[in-house]
Amino acid sequence: MQADKRLVARANLHTLEIRKDLLRTEKLNGREYLVSPCIPLKSGVHNSEFVSYEEITIFPDAWNSRLLPIDHPTDSDGNPVTAGSPKVMQESVVGFLFNVVAREDIQGISGEIWIDIEKAAEVPGGDEVLRKLQAGKQLEVSTAYFTVVDNIPGEWKNPETGAV
């Protein structure tokens, strides 16, 4: 029996472990950014679906310049939407994901979040993001990704915790 395969957009909430000693500021297009290393996505079960290392890392460069909104943008019905619309970019986007690489050691991707300091001060929730980064506190982010869903049931054992 062939699986029902379809391409869908998914949002994954992930907690970033922040290391204050690795924060830095950079300039981009004349604007100052607070830069922090991050691991946006690892192989595992997300949204009740398994996402493999192979799928995450098919084309790591596709993650570069991914927009970073405060909260995950939704339409008027509460459904997740892309951050790439002019309205969402104006009202919510405070930065970008850059320097993404595939990392077999973590079975995922790592990179850097670049937060526009001036823009973050203007967007609701942006000040809190800056404070958390500067204090070295955890930060929840939404990683949007596209995946092919095959609807094949299964179990996955987390290599870090051993949990099924």
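**Figure 1. Glu 128 and its partner in helix α4 of this predicted model.** At 41% relative accessibility, Glu 128 is partly exposed. Its side chain meets that of Lys 132 in a salt bridge, with N and O 3.4 Å apart. Lys 132 is partly exposed too, with a relative accessible area of 27%. The two residues sit four places apart in helix α4, so about one helical turn separates them. An α-helix has 3.6 residues a turn, so residues three or four places apart point the same way.

**Figure 2. The buried side of α4.** Gly 126, Val 129, Leu 130 and Leu 133 are the buried residues of this helix. They lie on the same side of α4 because they cover an arc of only 95° around the axis. Just after the helix comes Gly 136, which takes a positive phi of about 75°.

**Figure 3. The largest nonpolar core.** This core has 21 residues. Leu 97, Ile 113, Ile 115 and Leu 133 touch the most other members. Four elements each supply at least two core residues: β3 (31-42), β7 (93-103), β8 (108-116) and α4 (126-135).

**Figure 4. The surroundings of Leu 97.** Neighbours within four places in sequence are left aside here. Among the other contacts of Leu 97 are Cys 38, Pro 40, Trp 63 and Leu 68. Leu 97 is also in contact with Asn 64, Ser 65, Arg 66, Glu 112 and Ile 113.

**Figure 5. A salt bridge between Asp 116 and Arg 31.** The closest N and O atoms are 2.5 Å apart. This pair links distant parts of the chain. Asp 116 belongs to strand β8 and Arg 31 to strand β3, 85 residues apart. Asp 116 is buried, at 6% relative accessible area. Arg 31 is partly exposed, at 30%.

**Figure 6. The salt bridge of Arg 24 and Glu 26.** Their side chains meet at 2.7 Å, N to O. Side chains of opposite charge can pair when their charged atoms come close. Arg 24 has a relative accessible area of 30%, which makes this residue partly exposed. Glu 26 is partly exposed as well, at 28%. The count of salt bridges comes to six.

**Figure 7. The whole protein, for orientation.** Four helices and nine strands make up its elements. From the N terminus, they run β-β-β-β-β-α-β-α-β-β-α-α-β. Of the 164 residues, 36% count as buried. The accessible surface comes to about 10200 Å², and 51% of this area belongs to carbon and sulfur atoms.

Definitions and conventions: Residues numbered from 1 in each chain as written. Predicted model: local features only at pLDDT ≥ 70, side-chain atom pairs only at ≥ 80, totals over all residues. Heavy atoms only, no water. Core = buried A, V, L, I, M, F, W, Y, C linked by side-chain atoms within 4.5 Å. Buried < 20%, exposed > 50% of the residue type's maximum accessible area, 1.4 Å probe, protein only. Contact = heavy atoms within 4.5 Å. Arc of directions from axis to C-beta. Areas by Shrake-Rupley, 256 points an atom, 1.4 Å probe, with all protein chains shown as cover. Salt bridge = Lys/Arg side-chain N within 4 Å of Asp/Glu carboxyl O.
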